Protein chains: 4
Amino acid sequence: MPDTIIKVDLSQSPYDNDMIHNRWHPDIPMVAKVKPGDEFIVETYDWTGGFIKNNNDASDVRDIDLSIVHFLSGPIEVEGAEPGDLLVVDILDVGAFPHNSWGFNGFFSKKNGGGFLTDYFPQAQKSIWDISGMFTSSRHVPGVSFAGLIHPGLIGCLPDARLLEKWNTRENALIAENPTRVPPLANPPFPSTAHMGRLKGDAKAAAAATGARTVPPREHGGNCDIKDLSRGARVYFPVYVKGAGLSMGDLHFSQGDGEITFCGAIEMPGWLHLRANVLKDGMAKYGIKNPIFKPSPIKPNYTDYLIFEGISVDDAGKQYYLDVNVAYQQACLNAIEYLKKFGYSGAQAYAILGTAPVQGHISGVVDIPNSCATLWLPTEIFDFDINPSNAGPTKSVPSGIDVPLAPDL
Amino acid sequence: MPDTIIKVDLSQSPYDNDMIHNRWHPDIPMVAKVKPGDEFIVETYDWTGGFIKNNNDASDVRDIDLSIVHFLSGPIEVEGAEPGDLLVVDILDVGAFPHNSWGFNGFFSKKNGGGFLTDYFPQAQKSIWDISGMFTSSRHVPGVSFAGLIHPGLIGCLPDARLLEKWNTRENALIAENPTRVPPLANPPFPSTAHMGRLKGDAKAAAAATGARTVPPREHGGNCDIKDLSRGARVYFPVYVKGAGLSMGDLHFSQGDGEITFCGAIEMPGWLHLRANVLKDGMAKYGIKNPIFKPSPIKPNYTDYLIFEGISVDDAGKQYYLDVNVAYQQACLNAIEYLKKFGYSGAQAYAILGTAPVQGHISGVVDIPNSCATLWLPTEIFDFDINPSNAGPTKSVPSGIDVPLAPDL
Amino acid sequence: MPDTIIKVDLSQSPYDNDMIHNRWHPDIPMVAKVKPGDEFIVETYDWTGGFIKNNNDASDVRDIDLSIVHFLSGPIEVEGAEPGDLLVVDILDVGAFPHNSWGFNGFFSKKNGGGFLTDYFPQAQKSIWDISGMFTSSRHVPGVSFAGLIHPGLIGCLPDARLLEKWNTRENALIAENPTRVPPLANPPFPSTAHMGRLKGDAKAAAAATGARTVPPREHGGNCDIKDLSRGARVYFPVYVKGAGLSMGDLHFSQGDGEITFCGAIEMPGWLHLRANVLKDGMAKYGIKNPIFKPSPIKPNYTDYLIFEGISVDDAGKQYYLDVNVAYQQACLNAIEYLKKFGYSGAQAYAILGTAPVQGHISGVVDIPNSCATLWLPTEIFDFDINPSNAGPTKSVPSGIDVPLAPDL
Amino acid sequence: MPDTIIKVDLSQSPYDNDMIHNRWHPDIPMVAKVKPGDEFIVETYDWTGGFIKNNNDASDVRDIDLSIVHFLSGPIEVEGAEPGDLLVVDILDVGAFPHNSWGFNGFFSKKNGGGFLTDYFPQAQKSIWDISGMFTSSRHVPGVSFAGLIHPGLIGCLPDARLLEKWNTRENALIAENPTRVPPLANPPFPSTAHMGRLKGDAKAAAAATGARTVPPREHGGNCDIKDLSRGARVYFPVYVKGAGLSMGDLHFSQGDGEITFCGAIEMPGWLHLRANVLKDGMAKYGIKNPIFKPSPIKPNYTDYLIFEGISVDDAGKQYYLDVNVAYQQACLNAIEYLKKFGYSGAQAYAILGTAPVQGHISGVVDIPNSCATLWLPTEIFDFDINPSNAGPTKSVPSGIDVPLAPDL
């Protein structure tokens, strides 16, 4: 049984735990050290640090201050890792805490973050998912249960100063294109809610002033929200600072490709069992810019799918040029319309696409002007038969149950 | 053994075969009729009608007039199908012709169509792939062979007049935004190379004037280039005209998600063994706008992948806002750089991504400002080990072999 | 398109085709020659040489003289192959003849060969299976259809004289234990129906006198009836004679583990597309006694199973000691009883287990005195839901249809 | 988080825990009660109750008194379950104890239990397997690691008096055929080491006198050692007594088909997370004699195999009649010979076949006189390439390491 090198107390604010941070900055001090080949356990908060509760009221999803996310555990120093190396991380296992066997999924209000389909679901909604061993189901979304494809939504190594500068420069340039947009085009550094781990005083203030927000995935990986970077996977991370500085958080019990609901997957606190090794000079040897990984040999094996196509023409009939986002939105909307025929509300269907192991494929990207994207919905996760038949769909979902909504104030 | 209801003679021009057409229009006469439940065979040309040859010279890929594509077999009338129904098509099998067991993959010149990575591969190149039973390999791309995920790149039913009008309106509006762009934003009707099947004289001229080009996927399906819509799949197509009018072509022996090379997949002529049934009033019953389908139970089962991430920041460091196209381009470029370390040229690596059953996943689409896309490269298709190791990559690909290139004139 | 080096005419008796043989003997002359790396096509009869007809009368299954089987195509000489080598055979594809797209499954009378459950199904019965592209279904067994796991039931190289002698010695010793048993313990050489290919006159008579029957699998492979040795597989065969002498036949469109009905799988004539290479001195290098193989990357991917257990206690309650045969029989009988609850006759259920890609696992072999075997029945091959439910089974199979039976005379 | 209804203390003898028993008898009192639909946790000892230690000395495997096994947790009463029902058990998860993350595999001496290949490995040997999250590896068997297919080797409901009587009658009849055989043909009741749970005094003595040993699988399931009855599976157990009386134990971190080494799998203590429901009158509704089950959607997904054939002729050349045991033994021996070419000792190879998720298929059972069995060895579990190549095998396994052996005294 390996050591737990970072612990969290869910009853404590993550701001009071100095092994946690919520910005990326090279000056954040290492909080633990491991040797290559060591196994170790890391505990994490959920991405909001416990803000979202297990109840039937979505007002927490509506009211959250998103500048506080994501609460990450780390950084961890790996002995011998140097800039230019690859950090080889074996995700030996990931799990929920036994005493906290539930997670949440939500849609943010369009005024506070939104989501992939925010124009169709503009208000805050929340569903709670109970975890039963390897499976999950929700009291808010009946008729569906599935095995967890558990993974960290966010994991990566500390940037060095040069990389951080690059991030800030390009993201600020984007923001400058439309600084008052809601939701914003990107999030600039925001010191007032920054948690810089063990940095204190002026050093903290200085780092917080430029510390990168954790929302976007970047060269180092970070908030990739890749559902298949799951327990059993091996990941090769670029190293930018001496000791690597591996941090992680934002655990998901399950998620669909795209994490389309933004709040997003089945979010939970929990633990990771890891092993790290160093592949010397791996970035140059293999021409690596972004992390690469190998999927797990052990993950849910759903093979029967109903596949929905979408093209880059929106609901209003507007034609886009090779826009995969629009195509995938349309595929998702097509799936939602389909599921509604079986009795689901739109919000329930949206929640399923956000949480279940749906696949989103970039199917065609060259046939001007339309991209084609496909949304793969596993049929085996439903308690009833969702395949088309001559008899037409049967209303199989009990009415009177829905995903709680908190109206904008 | 079912009847072959449409035959092609590869030594004859497709323009001389009146069971072929290369535009979408409701007036194109049906050329064959089947009953629900019937099995039947349809032969098709390759998408270019035989323009691309099995040789080591890419000038045909450079010189092709793309207004001639795609040569489709049909339309086929299905008895009893009416607007609003779903046409349930079982793709019972698809194959190459035994006497023509090869296919081609190419990149178009940026001046003539381009492709997903045309800025990196701006000139015409071509690789030839030999088909050995269920497998393929190429004399231009050594060290790789894989099982075919055979599928029609293009299949769908005739639009009615209203749908056709909608297509023309929205695509012309897009073209009008930048009418002189190279490559163009979309392709308008183009009568001079139109093949309208059995339409003749004035009727043909009238239809050709508005007949939609076949390049983009649209509501009816059409040129979706979905690799998993393969032999063994069941597809539910919207029906717009009496008798459905099912047409198809653009067979691919194999393709990666995205068909990124545009010319594109391993292109070949061949045959499809089909069965069609009618699901009455299926569009309304199931809320269907675009086709849906179920994948085949029998397709290549590669499970060990090396997965490349890409984010929506381009090579020049420019930051895009949630742009999956840019993210997938970056993932593809990352994979190409990786493969070059083993001795492949960039063009060879690009050809592999276009032809092999790589997966392209929309991994994260909500983490502003960066989308994250992943490119899944099956490791089992290579003759050598492409996994990272401490020893670093070994040059495993013989030098002196490359994908033929025809310089722009 | 490779050459077809052995052709068969289904309207001709296999005895009149000198590229066919039905015994194993080193003196049978090679009928074709290939070089290492060559691709080639081999056509084969069905195992009975056309004796079983596509009709609703099982009298042919009852009346067949089993001393005529199996009609094999070959032997094929592979240049450079020598005793001690491994012949590496890529099964690039296998298929039915387009003009003969059906196969048969049968149970022999207990008086004429029997089968794995002959005590429960003692009389001759036959079902006909239609082949629709990659799929099959039967007019005698409604409610079930599945993708073909096509394979040669019988393939291997010629034995040398020493190996042949060993076979005859040990099998004759077994027969001697109970020479009058019905069915027999084994089949000795039987010259009167021997087809020795191009051997003629005295040479033929001499070889026929000792030529081994083709029924059992032996060291060289032969009639292994392994369903997964299918199209796309690579097999390593021991070589005993100069030139290897590869022969094959007994094509199956599909079969369950065990080929329990004996007549057996979905039997058909057809063709194989092959490539052979030589691994010099491979038997010693790898310690090979029997063939080894790698499964195909492309085969039916059914993943949802209902699994039946059986233990080595028979119906009468008799306790056997670690007998996997009895355990597997019991698992099969358990599955048959289960399927009868949905309206199948016992014979229909037995035919499904013989033809569909069921798995038979040796689950426990050490827990004295009971072996445990499991029969894995894919649920996805049925048109209706065969899973247990509180509501109990629904009779989903139309009555009035059954597997034709020909009573013993 | 569900209640843990049965706890074990690994530092305590299982004989001192009255929620444990090691015989089957209807009079063993229920120790816990659950309602249909409840989730609950059950802890178990390893099958030997802690007798085998984590060290490099196999004398414990040599010296164990096998009359003490298996230590089972239970019986558990399920409210409302009655004879004739099916108990529907969802195995929601199974795991090792965090503080005890290792397991053992062993071969018994031929004088004390033996194993499937005891004639080839007649003395006691033991390997220790470390558990690292979802994976395992052994200091005694280098070069191999794999994901755990965790499962209870033994699970089932209490027999009623009639069924128990039947077991004793038929097993005693078998023993009577050769009462002095070593190893014995079966194990009769053996009161002196019986642990009858909460039964005390005369009642205990009476039950112990006829309580069935736990080694063999029987109608109720019991010690089936089916590797795929794993976490995520749903099992339907016959119910014989009011309340069902579900007991379980003998957890395995991983096992190959057949559990050929007998001591056997990777044996460990641990916990199960379960949910039970009742399918009323299910035995008659579905014609159930033995348990049936559905496999897990989440289990190791190894797809690349090297497959070894075996036929029912033993090493000495003796011909058996359709004997799957002999065929599977030969397939196992063939695999062992193959692995030895890469540097493994025979014992290491045998340990791999016993612990890794190898498949054992009953491939042909009708081709007199030879059965054909296949042993499927996943290639992906090895650190090096075990596929055949022209270059021949490379010694990839370090020498000087082996599976500890304790010579017979």
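**Reading a predicted multi-chain model**

Guide: Let's start with the inventory: chain A has six helices and 23 strands. Its radius of gyration is 21 Å, close to the 22 Å from the globule rule for 409 residues, so chain A is as compact as a globular protein of that length. Keep in mind that this is a predicted model.

Visitor: What does the C-alpha trace of chain A span along its principal axes?

Guide: About 65 × 50 × 45 Å. Of the 409 residues in chain A, 64% are buried. And if you take the contacts in chain A with a separation of 6 or more, 78% come from residues 24 or more positions apart.

Visitor: Okay, helices next. How do I read which side of one is buried?

Guide: Start from the geometry: an α-helix has 3.6 residues a turn, so residues three or four places apart point the same way. Now try helix 2 of chain D, residues 161-177. Its buried residues include D:Leu164, D:Trp167 and D:Glu171. They cover an arc of only 60 degrees around the axis, which puts them on the same side of the helix.

Visitor: Which exposed residues does the face turned away from that buried side carry?

Guide: D:Arg162, D:Thr169, D:Ala176 and D:Glu177. The buried residues, meanwhile, pack against helix 3 (201-210) and strand 12 (217-218) of chain D.

Visitor: Why does the length of helix 2 of chain D agree with what we'd expect?

Guide: At 1.5 Å a residue, its 17 residues should span 24 Å, and the end C-alpha atoms are 25 Å apart, which agrees.

Visitor: Can you walk me through a single residue in a loop?

Guide: Take B:Ser230, in the loop between strand 13 (221-222) and strand 14 (234-238) of chain B. A residue counts as buried with 20 or more other C-beta atoms within 10 Å; B:Ser230 has 24, so it is buried. Leaving out residues up to four places away in sequence, it touches B:Leu149, B:Ile150, B:His151, B:Ser296 and B:Lys299.

Visitor: How far apart are B:Ser230 and B:Pro152, in sequence and in space?

Guide: They are 78 residues apart in sequence, yet 7.0 Å apart in space, C-alpha to C-alpha.

Visitor: Last topic: how do I read the relation between copies?

Guide: Superpose them and look at the turn and the shift. Chain A goes onto chain B with an RMSD of 0.0 Å, by a turn of 180 degrees and a shift of 0.0 Å along the axis. The two copies are therefore related as by a two-fold rotation axis. In chain A, A:His361 has the C-alpha nearest that axis, 2.3 Å from it. The same surface serves both copies, with 100% of the contact residues of chain A recurring in chain B.

Technical notes
Residues are numbered from 1 along each chain as its sequence is written. Chains are lettered from A and ligands numbered from 1 in the order in which they are written. This is a predicted model: local features need pLDDT of at least 70, side-chain atom pairs count only at pLDDT 80 or more; totals for chains, interfaces and linings use all residues. Copies are superposed by least squares on the C-alpha atoms of residues with pLDDT of at least 70 in both. Two residues are in contact if their C-beta atoms, placed from the backbone, lie within 7 Å. Helices (H or I, at least four residues) and strands (E, at least two) are DSSP runs, numbered from the N terminus. The expected span of a helix is 1.5 Å times one less than its number of residues. A residue is buried if 20 or more other C-beta atoms lie within 10 Å of its own, exposed if 12 or fewer, and partly exposed in between; C-beta atoms are placed from the backbone. The arc is that of the directions from the helix axis to the C-beta atoms. The radius of gyration is taken over C-alpha atoms; the globule rule is 2.2 Å times the number of residues to the power 0.38.
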